[in-house]
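Dear colleague,

Please find below the sequence and structure for your consideration. My findings follow directly after them.

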Amino acid sequence: FDRRLKRKQKNWAALQAEPAKCDYLREEVRGREACEGRGGAACPALRAGFSPQVGGRIADRVFDIARTFPLALDVGAGRGYIAQHLTKETVEKLIQVDIAENALKNAVESEIPTVRVVADEEFLPFKEDTFDLVVSSLRSIHAQPGLCFSPQIHEVLRPDGVFIGAMFGGDTLFELRCSLQLAELEREGGFSPHVSPFTAVADLGHLLSRAGFNTLTVDTDEIQVNYPGLFEVMEDLQGKCMGESNCSWNRKPLLHRETMLAAAAIYQEMYGNSDGSVPATFQIYYMIGWKYHESQAKPAQRGSATVSFGDLAKIEGLLKRGKK
């Protein structure tokens, strides 16, 4: 991906009027209350029929770990939605890193002492064994698929440090991708990728292990947002809102008007809701990985088990016998 172009897109998006209006998806993953508190008229997600649920997803996973983190790093922080859902009792100091300086300038304030650093997240300017916690939430739809598993993130963690991340999954925007491909095939005789490739959930464990993480946890979730039509989907994804215009090196410079109209009709016909709106699906992968430390629990040696899984069927009888 063209990192220089991505920086320009994100900086331009951050300078638009009311940039928070289009951050509903990141708020949904980083913390639901931010979108819920703005009210229906101000939030495109709510206008489109999007129902915020309760709780901050990334923050919840941090709170599940019963410890205090003296120093944490937010990779691809954007406007800082993770920070506002954390507490200073959990994270004592937070470093926020993003490639777009305008996004950091518009960052939401939090109670945690925060330092903001403008840097390319693919080249972290920190020493090895620096942070107790690293979080990364939906850095970009067009992020390098392997960046969440970058050895750099593993290196900057201290031993027994934890990485908690969220990234887009393989089924993200499948409605948009399919509609554009069918329209291009029909009108132009071929198609080009307009949405970046995504990592499959089956590959997550391998990628995390290869980066050096252990004691892995991976789970998936799906968020569906309803829009009036295809053009509104693309408007939110592009620079006007999220700053997620295509930035791959092999991107097609333009989409013809006839192709776009055909794609909108296909989108409506194949996926349209009964009320005339169209859904856009965002699949989210959540992952937790730890940096090795000798104090961590170790798996038992192979063949050392004293109970077979086949005995689980007999557990009720064993419990009744024990009560007697």
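The charged end of Arg-61 lies over the ring of Tyr-286, at 4.0 Å from the ring centre. Please note that this is a predicted model.

Aromatic pairs number 5 in the structure. In one of them, the ring centres of Phe-126 and Phe-131 are 5.0 Å apart and the planes stand at 90 degrees, so this pair is edge-to-face; planes over 60 degrees apart count as such. Phe-126 is partly exposed, its relative accessible area being 23%, whereas Phe-131 is buried, at 1%. Elsewhere, ring pairs join Phe-174, Tyr-267 and Tyr-271 into a cluster.

Turning to the interior, the largest nonpolar core comprises 44 residues, and Leu-133, Ile-164 and Leu-176 have the most contacts inside it. Among the elements that contribute two or more residues to this core are helix 5 (57-63), strand 4 (131-137), helix 8 (174-188) and strand 7 (278-290). Leaving aside residues up to four places away in sequence, Leu-133 touches Val-62, Phe-69, Leu-71, Ala-72, Leu-73, Val-91, Leu-157, Val-162 and Ile-164. A second, separate core holds 20 residues, including Val-97, Leu-124, Phe-131 and Phe-213.

Finally, helix 10 (residues 230-237) has as its buried residues Leu-230, Val-233, Met-234, Asp-236 and Leu-237. These residues span an arc of only 160 degrees around the axis, and therefore lie on the same side of helix 10.

Yours sincerely

Key: Residues are numbered from 1 along each chain as its sequence is written. This is a predicted model: local features need pLDDT of at least 70, side-chain atom pairs count only at pLDDT 80 or more; totals for chains, interfaces and linings use all residues. Side-chain values use heavy atoms; hydrogens and water are left out. Rings of Phe, Tyr and Trp (its six-membered ring) pair if their centres lie within 6.5 Å; planes under 30 degrees apart count as stacked, over 60 as edge-to-face and the rest as tilted. Buried means under 20% relative accessible area, exposed over 50%, partly exposed in between (1.4 Å probe, protein chains only). A charge sits over a ring if NZ of Lys or CZ of Arg is within 6 Å of the ring centre and within 35 degrees of the ring normal. Helices (H or I, at least four residues) and strands (E, at least two) are DSSP runs, numbered from the N terminus. The arc is that of the directions from the helix axis to the C-beta atoms. A nonpolar core is a set of buried Ala, Val, Leu, Ile, Met, Phe, Trp, Tyr and Cys residues joined through side-chain atoms within 4.5 Å. Contact means heavy atoms within 4.5 Å.
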